[in-house]
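Student: I am new to this structure and would like a close look at a single part. Please take the cysteines and what surrounds them, in one connected answer.

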Amino acid sequence: MPKVTYVEHNGTEHQVEVPIGLSVMRGAVNNTVRGIDADCGGECACATCHVYVDPEWLDKTGTPDPGSMEESMLSFAAAAQPNSRLSCQITMREELDGLIVRMPEGQH
């Protein structure tokens with residue numbers, strides 16, 4: 001099963017197995033990873049699952065589509081950066097095994 005490393009703002013790391021087809025957000029919530037609140041439950045209606053994707057993974061995760069709900073929600077996220085994503089919009093697949101995401105300070 002593919003693994004994701006979630007890095008809290010304070011540097012604490014959590015390596016979690018996330019089943020294929022599950023979102024990166026759901027993997028965090030199901031494993032009580034601090035820093036991903038997911039207040040909307042994965043409906044892309046908030047930005048409380050905001051993460052920074054490590055740059056070496058951006059070619060595999062992609063970036064928000066222009067004009068998408070994700071892009072709109074990220075405009076409300078504290079400290080959004082070019083590598084920002086909503087973890088509810090990243091679906092686990094085998095090629096994401098080893099993915100590293102970091103949580104911003106504002107969500108913690």
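Tutor: Cys46 is buried, because its relative accessible area is 16%, under the 20% cut-off. The model is a predicted one, and it holds zero disulfides. Cys88 takes part in no disulfide: the nearest cysteine sulfur belongs to Cys49 and is 3.8 Å away, whereas a disulfide needs the two sulfur atoms within 2.5 Å. Cys88 also counts as buried, because its relative accessibility is 10%.

Next comes Ser87. Ser87 sits in the loop between strand S4 (84-86) and strand S5 (99-102). Its relative accessibility is 0%, so Ser87 counts as buried. Leaving out residues up to four places away in sequence, Ser87 touches Ser23, Val24, Met25, Ile36, Cys49 and Val51. Cys49 therefore appears twice here: as a contact of Ser87 and as the owner of the cysteine sulfur nearest to Cys88, which does not make a disulfide because 2.5 Å is the limit.

Val51, another contact of Ser87, leads to strand S3, which covers residues 50-53. In a regular strand, side chains alternate between the two faces of the sheet. In S3, His50 and Tyr52 point one way and Val51 and Val53 the other, and all are buried. S3 pairs with S4 in the antiparallel sense over three bridges, and Val51 stands opposite Arg85 in S4. S3 is also joined to S5 by two bridges, again antiparallel; here Tyr52 stands opposite Arg102 in S5.

Val24 and Ile36, also touched by Ser87, belong to the largest nonpolar core. This core has 27 residues, and Val4, Tyr6, Val24, Ile36, Leu86, Leu99 and Val101 touch the most other members. At least two of its residues come from each of S1, helix H1 (24-30), S3, helix H3 (69-74) and S5. H1 gives the largest share, three residues.

Val4 shows another part of this core. Apart from neighbours within four places in sequence, Val4 is in contact with His14, Gln15, Val16, Val18, Val24, Met92, Leu99 and Val101. Strand S1 (residues 3-7) pairs with strand S2 (residues 13-17) in the antiparallel sense over five bridges, with Lys3 opposite Glu17 in S2. S1 and S2 form a hairpin with five residues between them, and Gly11 in the turn has a positive phi of about 100°.

Terms used
Residues are numbered from 1 along each chain as its sequence is written. This is a predicted model: local features need pLDDT of at least 70, side-chain atom pairs count only at pLDDT 80 or more; totals for chains, interfaces and linings use all residues. Side-chain values use heavy atoms; hydrogens and water are left out. Helices (H or I, at least four residues) and strands (E, at least two) are DSSP runs, numbered from the N terminus. Buried means under 20% relative accessible area, exposed over 50%, partly exposed in between (1.4 Å probe, protein chains only). Contact means heavy atoms within 4.5 Å. Two strands pair if DSSP finds at least two bridges between them. A nonpolar core is a set of buried Ala, Val, Leu, Ile, Met, Phe, Trp, Tyr and Cys residues joined through side-chain atoms within 4.5 Å.
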